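Subject: The two-chain model, handed over

Hi,

Here is the structure I promised to send over. Have a look first, and then read on for my notes on what turned up.

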Amino acid sequence: MIPELGHFALIIALGMSLLLAVVPLWGSWAGNFAAMRTAPSLAIGVCVFCGISFACLATSFLQDDFSVRVVASNSNSLLPPVYKFSAVWGNHEGSLLLWVLILSFWLAAVATFSRGLPTVMLARVLAVMGAIAVGFLSFSLFTSNPFARLLPGVPSDGNDLNPLLQDPGLIIHPPLLYMGYVGFSVAFAFAVAALLGGRLDAAWARWSRPWTNVAWAFLSLGIMLGSWWAYYELGWGGWWFWDPVENASFMPWLAGTALVHSLAVTEKRGLFKSWTVLLAIFAFSLSLLGTFLVRSGVLTSVHAFAADPARGLFILVFLAIVVGGSLTLYALRAPAVRSRIAFSVLSRETLLLVNNVVFLVATLTVLFGTLFPLLMDALGQGKYSVGPPYFNAVFVPLMALLVPFMGIGPISRWRDDSHHRWLSRLAIPGFIVGVLAIALPFTAAQGFNVWVALAVLLAGWIVAGLAADFRERWARSASFPRALARQTPSYWGMVLAHTGFAAVIVGTVATSQYSVERDLRMEPGDSETLAGYSFHFDETLRVRGPNYLADAARFSVSRDQQEVATLVAEKRRYLATGSVMTEAAIDGGLFRDLYVAMGEPVGDDGAWAIRLHYKPMVRWMWLGALMMGCGGLLTIFDRRYRRQRVAQESVTTHGAPA
Amino acid sequence: MAMHPARRQRLWIVLSIVVFSSAAVGLATYALRGNINLFYPPKAVAAGEAPLDTQIRVGGMVVDGSVKRADDSLRVQFTVTDYAATVEVVYEGILPDLFAEGEGVVASGRLDANGMLRADEVLAKHDENYMPPEVAEALEQGASVDVQPGALGEKTL
């Protein structure tokens with residue numbers, strides 16, 4: 001009964017989103033305000049019914065209703081309840097339902113928090129998002145129905161969730177990532193609505209900005225969690241593989257980063273309007289492309305649940321409609337919204353333009369590397385794979401190129417600036433950073449390393465720019481606390497995000513350069529010293545978990561005769577599927593991680609293949625990404641966005657809406 | 001040269017974008033040349049179509065009973081088949097969790113003069129039901145040419 005209820009709710013949601021896509025849009029065409037005003041209620045209705053549908057599927061999982069096909073294939077009565085819940089999106093059908101649910105959250109959020117928008121604008125934005133919802137709801141209903149039953153022949157128990165997905169990180173990674181992915185649909189909807197109305201102005205950018213920032217922040221956090229999960233769960237200590245599916249989430253992030261910055265220019269200066277619209281379309285198209293790559297099974301990856309050509313074709317057609325339609329609209333309408341505002345070569349506008357070009361080129365090179373194997377395969381040229389060396393060779397120099405401009409960014413002025421001013425503000429901090437960059441790597445256990453020095457230089461340069469800017473702000477205030485209190489949330493968001501970026505640079509380079517990794521054959525009693533840490537293999541144990549049995553290896557780690565940590569790595573065999581999984585043991589710290597993972601037993605005398613890692617500063621990367629995400633979220637508390645809402649409300653109450 | 005400031009500015013922007021993107025394209029092409037590798041099914045390797053001492057990928061099923069481990073190191077040797085031909089693979093290191101005899105695998109490395117693949121990376125499938133597409137295709141083609149797959153491994157497609 002419950003699955004049928006869920007199925008029915010999903011059908012109602014589809015019906016309502018169809019209405020949402022058609023009625024308000026027709027209203028905005030015909031000038032019918034009653035039709036336009038239906039949009040927020042319909043949006044909330046879609047959200048309610050998607051919520052009911054999702055709750056029904058979750059209930060089926062929690063109640064072990066193995067007559068539902070996805071439950072039977074992805075859950076098991078022994079599975080701990082929290083993983084039964086996360087198993088809802090640990091499969092193709094359920095993760096698509098999550099996609100739709102999150103889209104409906106965004107719909108409801110826009111409907112609730114944008115009451116201050118002109119009625120026509122809000123109607124158009126919600127209608128565009130409604131159309132996207134129609135696409136995905138029909139995808140879910142017609143090609144991947146999560147409520148399909150296995151009748152007759154209900155299995156007595158389920159197949160279990162893939163053990164790799166039985167992890168706390170995986171409970172929140174997909175929802176966060178989808179919040180980001182799908183969040184760009186809001187920026188997209190605002191862009192398309194503005195094109196439909198032919199009015200792109202600072203107000204449009206101001207409406208669109210907080211939504212874009214939040215989506216970007218969620219995407220940052222989602223990608224960070226994915227990387228962290230890969231690090232401790234996949235059992236080989238890597239944190240980024242340039243896997244096609246990682247790239248699928250990374251490309252919208254790169255385009256989104258460009259969008260966040262170009263929106264700033266559009267809001268503050270009324271420039272780059274057409275460009276910003278194009279970026280919004282681009283970012284959302286990449287989200288859709290990512291969904292296609294992941295969901296169609298054309299790629300070899302952890303995330304490819306199952307291959308089904310019909311599903312791939314559906315998303316491909318949908319992608320073509322969205323991209324083709326929005327670009328056609330852009331071609332027809334964009335010339336009407338072109339702006340002519342001058343700025344000099346040395347100005348904040350130029351620096352942000354550099355940001356945009358770098359991020360766009362980075363997106364395109366990643367896109368190229370990701371699609372190259374598909375392209376060659378389609379042309380019958382053979383099955384290629386493009387490995388991490390390609391992406392590193394292209395991506396790292398691009399980011400390095402970006403940083404010099406990023407340091408100047410905060411102190412630069414709009415419209416017109418001078419290099420004398422930049423020089424006077426940054427010469428001394430720059431010099432200090434240069435000295436630090438040479439000095440700091442000497443303090444590392446492994447000694448001086450030129451790449452680490454360069455990373456410190458780049459990261460320090462970013463921080464130096466922020467510091468120089470804050471000094472100027474301080475000078476304009478009466479006292480230091482007053483200077484702190486006077487700055488806006490937008491400003492602090494920027495500072496946090498940029499500092500986070502600096503931390504990511506230091507973390508990635510230090511861990512890539514200084515890591516020590518060793519795969520060994522070890523017996524209980526053996527010791528191995530790595531970067532000054534002595535790993536002693538104490539004993540092997542047998543461990544019993546709720547739904548698995550495991551061999552465990554206990555290691556005590558010491559340094560200079562002092563006990564540092566006890567690490568217990570496991571090799572688990574899950575009872576339902578019999579699949580084997582490595583559970584690494586990690587002693588984490590701000591400056592170094594110690595990592596032990598078990599391979600397979602070697603020989604007959606109790607020896608194991610053991611992987612030992614010493615990873616310095618690897619956590620800076622995730623910490624940095626966390627700071628970027630929080631920075632993005634912080635910006636929405638800016639009073640500027642609220643004030644505009646109040647002003648809008650007073651307009652709508654006192655006079656006729658535009 | 002008298003040029004309208006707005007035009008000159010636009011020229012600068014366009015020029016820098018052109019220079020910058022061509023640099024990026026150059027970089028990408030250069031990086032791509034050394035870092036892509038082609039997939040060869042065992043049949044193609046046996047026929048001598050795969051280049052020696054070049055990074056390639058070979059995939060298929062691990063033949064039952066072919067996995068041999070050294071006692072004193074992490075060296076492991078196994079045979080990969082597409083049911084039409086086989087390739088010997090040597091690897092030193094930790095194999096992925098889902099590596100097993102009779103299961104699909106992709107090894108990347110270089111072929112030596114004896115036709116043995118010296119692998120520096122071995123990838124197995126990520127979950128029970130999933131088969132890397134290139135392996136599935138290679139097995140399909142291999143099997144259509146040759147005999148019963150059951151002869152080589154108990155698990156068949």
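Let me start at a spot where the two chains meet: A:Ser385 has B:Asn37 as its bridge partner, and B:Asn37 sits in strand 1 of chain B. That pair belongs to an antiparallel arrangement in which strand 1 of chain A (residues 384-386) and strand 1 of chain B are joined by three bridges.

Before going further, please keep in mind that this is a predicted model. Its scores are ipTM 0.75 and pTM 0.89. For chain B the average pLDDT is 77, with 79% of the residues at 70 or above. The part to watch is residues 145-157 of chain B, where pLDDT stays under 50. The model still has 19 contacts for that stretch beyond four places in sequence. Where pLDDT is low, though, predicted coordinates shouldn't be read in detail.

**Where the chains touch**

The contact draws on 38 residues of chain A and 36 of chain B. On the chain B side, helix 1 (5-35), strand 1 (36-40) and helix 3 (133-145) each bring in at least two residues. Helix 1 of chain B gives the most, with 14 residues. By type, the chain B side splits into 21 nonpolar, eight charged and seven polar residues.

**How chain B is put together**

Chain B has three helices and seven strands, and from the N terminus on the order is α-β-α-β-β-β-β-β-β-α. Of its 157 residues, 36% count as buried. If you take the contacts in chain B between residues at least 6 apart in sequence, 56% of them join residues at least 24 apart.

Which strands does strand 4 of chain B pair with? Here is what I found for this element, residues 75-81:

- Strand 2 (residues 55-62) of chain B pairs with strand 4 in the antiparallel sense over two bridges, and B:Val62 stands opposite B:Val80.
- Strand 3 (residues 68-69) of chain B is also antiparallel to strand 4, again with two bridges. B:Lys68 has B:Gln77 as its bridge partner, and a hairpin of five residues links strand 3 to strand 4.
- Strand 5 (residues 86-92) of chain B runs antiparallel to strand 4 as well, joined to it by seven bridges. One of the partnerships is B:Val76 with B:Tyr91.

Strands 4 and 5 of chain B make a hairpin with four residues in between, and B:Tyr83 in the turn has a positive phi of about 70 degrees. As for burial, strand 4 of chain B is mostly covered, with five of its seven residues buried.

**A hairpin in chain A**

Chain A has a hairpin worth a look too. Strand 6 (residues 562-574) and strand 7 (residues 580-583) of chain A pair antiparallel over four bridges, with A:Arg573 partnered by A:Val580 in strand 7. Five residues lie between these strands, and A:Gly578 takes a positive phi near 75 degrees in this hairpin.

**The nonpolar cores**

The largest nonpolar core counts 194 residues. Those touching the most other members are A:Val46, A:Leu107, A:Leu126, A:Ala187 and A:Val506. Take A:Ala187: beyond four places in sequence, the residues it touches include A:Ser208, A:Trp211, A:Thr212, A:Leu259 and A:Phe284. There is also a second, separate core of 55 residues, and A:Tyr533, A:Tyr614, B:Val80 and B:Val106 are among its members. So B:Val80, the residue opposite B:Val62, turns up again in that core. In soluble globular proteins, nonpolar side chains do tend to be buried together.

**One residue up close**

Finally, A:Leu263, which is in helix 9 (residues 244-269) of chain A. Why does A:Leu263 count as buried? Because A:Leu263 has 25 C-beta neighbours inside 10 Å, and the cut-off for buried is 20 or more. Leaving out neighbours within four places in sequence, A:Leu263 is in contact with A:Ala205, A:Ser208, A:Arg209, A:Thr212 and A:Thr276. A:Lys273, ten residues from A:Leu263 in sequence, is 8.2 Å away, C-alpha to C-alpha.

Over to you.

Cheers

Definitions and conventions
Residues numbered from 1 in each chain as written. Chains lettered and ligands numbered in written order. Predicted model: local features only at pLDDT ≥ 70, side-chain atom pairs only at ≥ 80, totals over all residues. pLDDT = per-residue confidence, 0-100. Contact = placed C-beta atoms within 7 Å. Nonpolar A, V, L, I, M, F, W, Y, C, P; charged D, E, K, R; others polar. Pairing = 2+ DSSP bridges. Buried ≥ 20, exposed ≤ 12 C-beta atoms within 10 Å, placed from the backbone. Core = buried A, V, L, I, M, F, W, Y, C linked by C-beta atoms within 7 Å.
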